[in-house]
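Subject: Structure handover

Hello,

Here is the structure I promised to pass on. Please open it and keep it beside this note while you read.

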Amino acid sequence: MPLLRASRPKVLVPEKLSPDGLALLRSSLDVHERKGLSADELLQIIPDYDALLIRSEVKVTATVLQAAKNLKVVARAGVGVDNVDVEEATKLGIVVVNSPSGNIGAAAEHTIALMMSMARKIPESCASLKDGKWERSKFVGVEVKGKTLSIIGLGKVGLTVARLAKGLGMNVNALDPYASPAVAASASVALVSSLPELLASADFLTIHTPLIASTRGMIAEAELAQLKPGARVLNVARGGTFDEEALLVALESGHLAGAAIDVFTSEPPAPGSSAARLIAHPRAVVTPHLGASTVEAQENVSVDVCEQVLEILQGSLPRSAVNAPLILPEEYKKLQPFVRLVEKLGSLYTQHYAASPGGAMSRNTFDLIYQGELASINNTKPLFTALIKGLLSPISSMEGLNINIVNAELVARERGIFVSEQHSRDPSDHSSYSSLVTLVARPPSRASSRAPASADTSTGSIPDQQQRIISGTCSGDQPLITRLGRFEASFEPEGTLLICENYDSPGKIGVVGNILGQEGVNINFMAVAPVSTKLVLNETPKKSLPTDGSEEPVAKGQLLKEALMILGIDRGVPAHVTAALARETGILKICPIYPKEETNSLKGKPKADYERKLNEATAVVKTKETALAQQREVAEGVAQEVNSLKGQLAAKETQLGELRDANVKIFGDLRVTKEEKSKLDQQLEQGTAEVVVLVQQSDGHGRAGKRPQEKCAKLESTIDTLAKEEADLEEEVEWREQALHESNKQSLQDVQKLEGDNRVLLDPNKEFLYQSVATDIEHQQTRDRVGNRRSSGGSKHCTSLRSQTSSRCKTCKSRRVTTTFC
Ligand SMILES: NC(=O)C1=CN([C@@H]2O[C@H](COP(=O)(O)OP(=O)(O)OC[C@H]3O[C@@H](n4cnc5c(N)ncnc54)[C@H](O)[C@@H]3O)[C@@H](O)[C@H]2O)C=CC1
Ligand SMILES: O=C(O)C(=O)COP(=O)(O)O
C-alpha cells in the first residue's frame with residue numbers, strides 16, 4: 001500500500017544507526033538524524049514524528065510517548081527495550097519493535113572475547129607492553145578448557161554463548177526457568193534448577209537475561225559469596241543485573257579473580273559511582289557497551305527495524321513487535337479484507353442501534369462469529385481489534401482513539417466491552433458465502449454470561465425487538481452486509497448511508513426520495529432488505545398498530561410486513577430532514593450511517609468535540625449570564641449617576657435662569673429713577689449685583705468708570721461655563737442612556753441566543769445544528785476577543801458597557817468620555 005499523505009511521514013533517528021537500513025526509508029519517509037539530543041530537546045520535537053528509531057542510549061519515557069502525538073512506532077535497533085516504557089506505549093497504541101536476533105552473534109562473541117581476555121589478562125598485558133615493559137611472569141592466565149561456564153538465561157545470546165563455549169571445551173550449565181530442556185540438551189547444556197546450585201559450580205558465571213524485576217540485582221553480595229574463590233564473572237546483558245558495589249567489594253577482597261563487564265547501571269557511568277570504580281579496578285576487563293557493535297550486527301538490526309517501520313507506517317503488521325501478537329504474514333493477508341468488514345460491522349452496530357432505546361453501548365457483550373474459511377484462521381486478533389475500533393469510533397474523539405492490535409484488548413477492558421470470538425466450522429451456517437462474520441450483541445439480561453457453545457445466529461430464541469445482529473462477508477476485497485437485525489440485506493457499507501425501516505407498502509421509496517430531493521440530497525444507490533423469511537417463521541405476526549403516528553392502513557388481521565430501505569447518499573442529512581422522514585406514515589425508523597472519517601463527526605466535527613462544544617456553550621451561557629448580571633449592576637450605577645447629573649443639570653438651569661433674570665432686571669434698571677440708580681451704583685460698588693449684560697450696555701451710557709470690571713468679567717465667564725456645561729450634560733446623559741440600552745439589549749440577545757443554541761445542542765436529534773452553534777460560539781468568542789481588544793483602545797463600538805467617566809481637557813476645554821467595556 002502506498003504511503004498516502006500530503007507530507008511524508010517523519011522518522012527521528014537520535015542515535016547512530018547503520019545507513020543500510022535508513023536507506024530503505026529515505027525513498028518514502030523523511031529521515032531526520034539528530035544525534036546528541038537532550039531529553040528536553042527530544043520532548044520538544046517528538047510530536048512531529050511518526051516513527052522513532054533508537055538503540056540503547058535514548059530513554060523513551062512515558063513523558064516522551066505522551067508528547068508524541070503522531071508516533072506510531074518505536075523501533076529499537078537491537079534486542080533490549082528496557083530504555084522504552086513499553087507499557088505506556090501499549091496504552092497509547094504505539095507499536096514497539098526490536099531486532100530480536102540481529103546482534104545475538106555479536107553479543108555472544110563479545111562475551112567469549114571478554115572471557116578469554118579476562119582469563120589470559122590480555123588488556124593489562126597489552127597495556128604493559130605498550131608501556132615499554134616486558135612482564136611475562138606477571139600475566140599468567142588460566143585456561144577455559146575443562147572449566148565450567150554457568151549461564152543465567154539460556155535465550156538466544158545465552159545459547160549461542162553456550163555453543164561457543166562448548167567449542168572451547170568448557171562444561172556448560174545454565175539456569176533458565178523458561179528454557180526448553182530439549183534445546184538445552186541439544187547444545188549439551190545441563191540445566192540446573194536453582195541459583196545456588198549454579199553459583200556453586202561456576203568457574204565463569206555469565207548472565208544473559210533481560211533486565212526485568214526478577215533479574216534486577218539478581219547477583220548481589222550473597223550470591224557472589226556463593227561463588228568459588230577465584231571465580232570470574234561476566235555481564236554482557238544489562239547493567240543492574242549485578243550489584244555493582246557488591247561486585248567491586250568481591251574484587252577488592254580477592255574473592256573474585258576477575259570481572260568482565262560491558263554494561264552498566266548508568267551509561268556512561270557517573271564519575272565516582274560504583275560503576276566508575278569498578279571500571280577502574282585492575283582486575284576488571286571493561287568495554288563501553290560494545291556487545292552489539294560489529295559492522296555486521298549493526299547492518300542486521302538497522303535493516304530489520306527499518307523494514308518493520310515501513311510495514312507499520314503502511315498499515316501492515318510488523319514481524320517482531322514487542323507489544324503486539326505475532327501473526328503469520330499469510331494469515332494476515334487472508335484476514336485483511338475481513339479487518340475492514342469487521343470494523344464496518346462495529347461502526348454500523350453503534351450507529352444503527354444508537355437511536356434505539358438504551359443507546360448503542362447499552363449492550364457491551366458481543367459474540368463475533370467466524371464461519372466458513374475464516375473459521376480456520378486461529379489468530380483473529382486483527383478482527384477483534386477492528387471490532388473494538390468500529391464500535392468505538394462513532395462515539396469517541398478520533399484524537400484520543402488510536403486503537404490498534406497493540407492496545408485493543410486494553411481499550412476494550414477499559415470500556416467494559418466483552419467480545420467472545422467463535423469459530424464455527426458448520427458449513428450450513430454460512431450458506432452461499434465462503435466466509436461469513438456475524439456480530440451479535442447480547443441482551444442485557446445475558447450480558448454477563450459466556451458465549452453460547454454453538455454459533456447459533458438464527459436468533460430464533462431472541463425476541464425480534466432485541467435482535468441486534470449484523471452479518472457480513474467479503475466479495476473479493478469488498479465488504480458486504482448480508483444481514484441487519486431481522487432483515488436480509490445485501491449492500492456495501494461504504495460512504496454515507498440512510499437506513500430507513502418502514503412498512504413494506506407502495507409509495508415509501510417515492511416519499512423518502514421526495515423529501516431528500518427537496519433538501520438537495522442526492523441518492524447514489526438504493527437497496528431494499530426484506531425481513532428474512534427464515535426469521536419470519538420464528539416471528540409473531542405484528543398485528544397491533546403503532547401508536548406514534550406511523551400508522552399504516554392495514555386490513556384487520558393482516559401481517560404488517562416491514563422492510564429496510566438502504567440509501568447511499570452524497571451528504572449527511574440534517575436532523576430536521578430525518579425528523580421529517582420519521583413523521584411520514586409507515587416510516588418506522590430513520591438512521592444515518594456515516595463512513596469512518598465522519599462517523600464521529602457532525603459535519604466533519606468529532607462527536608466528542610460536539611460534546612465538548614456543548615459544555616463550552618453552556619459555560620459561555622453561564623459566563624454571559626454572569627456578565628449580564630454584572631452589567632445590569634453597572635447599568636444601575638450608571639442610571640443613578642445619570643439621575644444625579646440630571647439633578648445637577650436642573651440646578652444649573654435654575655441658576656442660569658436666575659442670572660438671566662437678574663440681568664434683565666438690571667438692564668431694566670437703566671431706565672429707572674435717580675434713587676434707584678444710586679442704589680444700583682452702591683450695589684455695583686459692593687459687587688453684589690450681577691450686571692454682565694448691563695455692563696456692556698451701560699458702558700455706552702458713560703457709567704463704566706463706576707462699575708467693578710473684574711466682578712463683571714467673572715460673572716460673564718460663570719454664565720458662559722454654566723451654559724456649556726448644561727449643553728455637555730445634556731449630550732452625555734443622552735449618550736449614556738443610549739449606550740446602556742444598546743449594551744443591555746445586545747447582552748440579553750446573546751444570552752437568549754446561546755440558551756436557544758444549547759436547547760438545540762441538548763436535543764440529540766438535532767446534532768447537525770451543532771455546527772452552526774459551534775460557529776456561533778466561535779464568532780462569539782471572536783467578538784469577545786475583539787471587544788476586549790477594542791475596550792483597551794476606548795472604542796465606542798462595543799456595546800457591553802462596564803463604566804464611564806467624563807472629564808474636561810484643561811487646555812482646550814473639550815469633554816472626554818472614558819468608557820470601559822466588558
Ligand atoms: N551488550 C550488548 O550489546 C547486548 C546485550 N544484549 C542483552 O542480552 C540479553 C539477552 O538477550 P537475548 O538472549 O536476545 O534475550 P532472550 O529473550 O532471547 O533470552 C533471555 C533469556 O533469559 C531468560 N530469563 C528471563 N528471566 C530469567 C530469570 N529470572 N532467571 C533465569 N533466566 C531468565 C529467559 O527465559 C530467556 O530465555 C538482553 O538483556 C539483551 O538486551 C543483547 C544484545 C547485545
Ligand atoms: O541489543 C541490545 O540489547 C544491546 O544492548 C545493544 O545495544 P546498542 O544497540 O549497541 O546500544
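Below is what I found, part by part.

**Overview**

Please bear in mind that this is a predicted model. The protein chain has 822 residues, and 47% of them are buried. It holds 25 helices and 26 strands. Take the contacts in the protein chain with a separation of 6 or more: 70% of them are between residues 24 or more positions apart.

**The parallel sheet**

Start with the open sheet of 5 strands. Its order is β2-β1-β3-β4-β5, and the pairing is parallel. Which strands sit at the edges? They are β2 (30-33) and β5 (95-98), and each pairs on one side only. From one strand to the next, the twist averages 20°.

Look at one pairing in detail. Strand β4 (residues 73-76) pairs with β5 in the parallel sense, over 4 bridges. Ala75 stands opposite Val97 in β5.

A helix covers part of this sheet. Helix α1 (residues 19-26) packs on the sheet and touches β1 (10-13), β2 and β3 (51-54). The direction of α1 makes about 145° with that of β2.

**Around ligand 2**

Next, the ligand site. The residues around ligand 2 include Arg55, Ser56, Arg76, Ala77 and Gly78. Val79, Gly80 and Asn103 are also among them. So are Arg238, His289 and Ala292.

Three polar contacts are worth finding on screen:

- Arg55 has a polar side-chain atom 2.8 Å from an oxygen atom of ligand 2.
- Val79 has a polar backbone atom 2.6 Å from an oxygen atom of ligand 2.
- Gly80 has a polar backbone atom 2.8 Å from an oxygen atom of ligand 2.

**A covered strand**

Now go to strand β6 (residues 148-152). How many of its residues are buried? The count is 5 of 5, and the strand is mostly covered. In a regular strand, side chains alternate between the two faces of the sheet. Here, Thr148, Ser150 and Ile152 point one way from β6. Leu149 and Ile151 point the other way. All of these are buried, whichever way they point.

Strand β7 (residues 171-175) runs parallel to β6, and 5 bridges join the two. One of the partners is easy to spot: Ile152 has Leu175 in β7 as its bridge partner.

**The mixed sheet**

There is also an open sheet of 6 strands. The order is β14-β13-β15-β16-β17-β18, and the pairing is mixed. The edges belong to β14 (418-424) and β18 (487-491). Each has a single partner strand, so one side of each is left without a neighbour in the sheet. Neighbouring strands of this sheet are turned by 20° against each other on average, direction ignored.

Within the sheet, β13 and β14 pair in the parallel sense, over 7 bridges. Gln371 has Ser424 in β14 as its bridge partner. Helix α15 (residues 381-392) lies across β13, β14 and β15 (435-441). It runs at about 135° to β13.

**The aromatic cluster**

Last, the rings. The count comes to 2 aromatic pairs. The first to look at is Tyr349 with Tyr353: the ring centres are 5.1 Å apart and the planes stand at 45°, so the pair is tilted. Tilted covers the range between stacked, under 30 degrees, and edge-to-face, over 60. Both tyrosines lie in helix α14 (residues 329-354). They are 4 residues apart, about one turn of the helix.

How buried are they? Tyr349 has a relative accessible area of 0%, so it is buried. Tyr353 is at 6% relative accessibility and also counts as buried, because the cut-off is under 20%.

The other pair is Tyr349 with Phe366. Their ring centres are 5.2 Å apart and their planes are at 90°, so this pair is edge-to-face. What does this pair tie together? Tyr349 lies in helix α14 and Phe366 in strand β13 (residues 365-372), so the pair joins parts that are 17 residues apart in sequence. Phe366 is buried, as is Tyr349. Ring pairs thus link Tyr349, Tyr353 and Phe366 into a cluster.

The structure is yours now.

Best wishes

Methods. Residues numbered from 1 in each chain as written. Chains lettered and ligands numbered in written order. Predicted model: local features only at pLDDT ≥ 70, side-chain atom pairs only at ≥ 80, totals over all residues. Heavy atoms only, no water. Phe/Tyr/Trp six-rings, centres within 6.5 Å; stacked < 30°, edge-to-face > 60°. Buried < 20%, exposed > 50% of the residue type's maximum accessible area, 1.4 Å probe, protein only. Pairing = 2+ DSSP bridges. Axes fitted to C-alpha atoms, helices over the stretch in contact; angles between N-to-C directions. Contact = heavy atoms within 4.5 Å. Near = heavy atom within 4 Å. Polar contact = N/O pair within 3.5 Å; in protein donor to acceptor, adjacent residues only side chain to side chain.
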